[in-house]
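Here are some exercises to work through with the structure open beside you. Try each task before reading its solution.

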Amino acid sequence: MSIQYISDSKGKTAGVFIPISEWNKLKAKYKVIEDDHIEIPEWQKIEVRKRIQNTNTEDYLSWEQVEKELRIDK
């Protein structure tokens, strides 16, 4: 299996990339893996909506700011 590890800006492993062909093989082998339909609980939807309503848009970064910060990290 050709797995790639994804690291954050500090070099800490933050995720794993599995090629889709490998993912499909795993799904076929282990029937418990289902990504076609994920049901989000209603309580979680309500909580996310509350957080969005209570978010101050001034706390958001513009794309230009994000891009600038990403370039600084490299």
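**Exercise 1. Find which element of the protein chain has the lowest mean pLDDT and which has the highest.**

Solution. Recall that pLDDT is the predictor's confidence in each residue, from 0 to 100. Helices (H or I, at least four residues) and strands (E, at least two) are DSSP runs, numbered from the N terminus. Helix α3 (residues 63–73) comes out lowest with a mean of 81, and β2 highest with 91. For the protein chain the average is 83, and 89% of the residues score at least 70. This is a predicted model, in which local features need pLDDT of at least 70, side-chain atom pairs count only at pLDDT 80 or more, and totals for chains, interfaces and linings use all residues. Residues are numbered from 1 along each chain as its sequence is written, and side-chain values use heavy atoms, leaving out hydrogens and water.

**Exercise 2. Trace the order of the elements, then describe how β1 and β2 are joined.**

Solution. Start with the pattern along the sequence, β-β-α-α-α. Next, look at the pairing (strands pair if DSSP finds at least two bridges between them): four bridges join β1 (residues 4–7) to β2, and the strands run antiparallel. Five residues separate the two strands in this hairpin, and G11 in the turn has a positive phi of about 85°. Finally, find Y5, which stands opposite V16 in β2.

**Exercise 3. Decide whether V16 is buried, partly exposed or exposed.**

Solution. Apply the cut-offs: buried means under 20% relative accessible area, exposed over 50%, partly exposed in between (1.4 Å probe, protein chains only). V16 has 46% relative accessibility, so this residue is partly exposed. Its strand, β2, spans residues 13–17. Across the protein chain, buried residues make up 5% of the 74 residues.

**Exercise 4. Locate the salt bridges of E47 and R71, and place each pair in its helix.**

Solution. A salt bridge is a side-chain nitrogen of Lys or Arg within 4 Å of a carboxyl oxygen of Asp or Glu. The structure holds five of them.

- E47 pairs with K50, their closest N and O atoms being 3.9 Å apart. Both lie in helix α2 (residues 42–53), three residues apart, about one turn of the helix.
- R71 pairs with E67 at 2.9 Å, N to O. These two are four residues apart in helix α3, so about one helical turn separates them. R71 is exposed at 58%, whereas E67 is partly exposed at 29%.

As a last step, follow the salt bridges that share partners: they join E42, K45 and R49 into one network.
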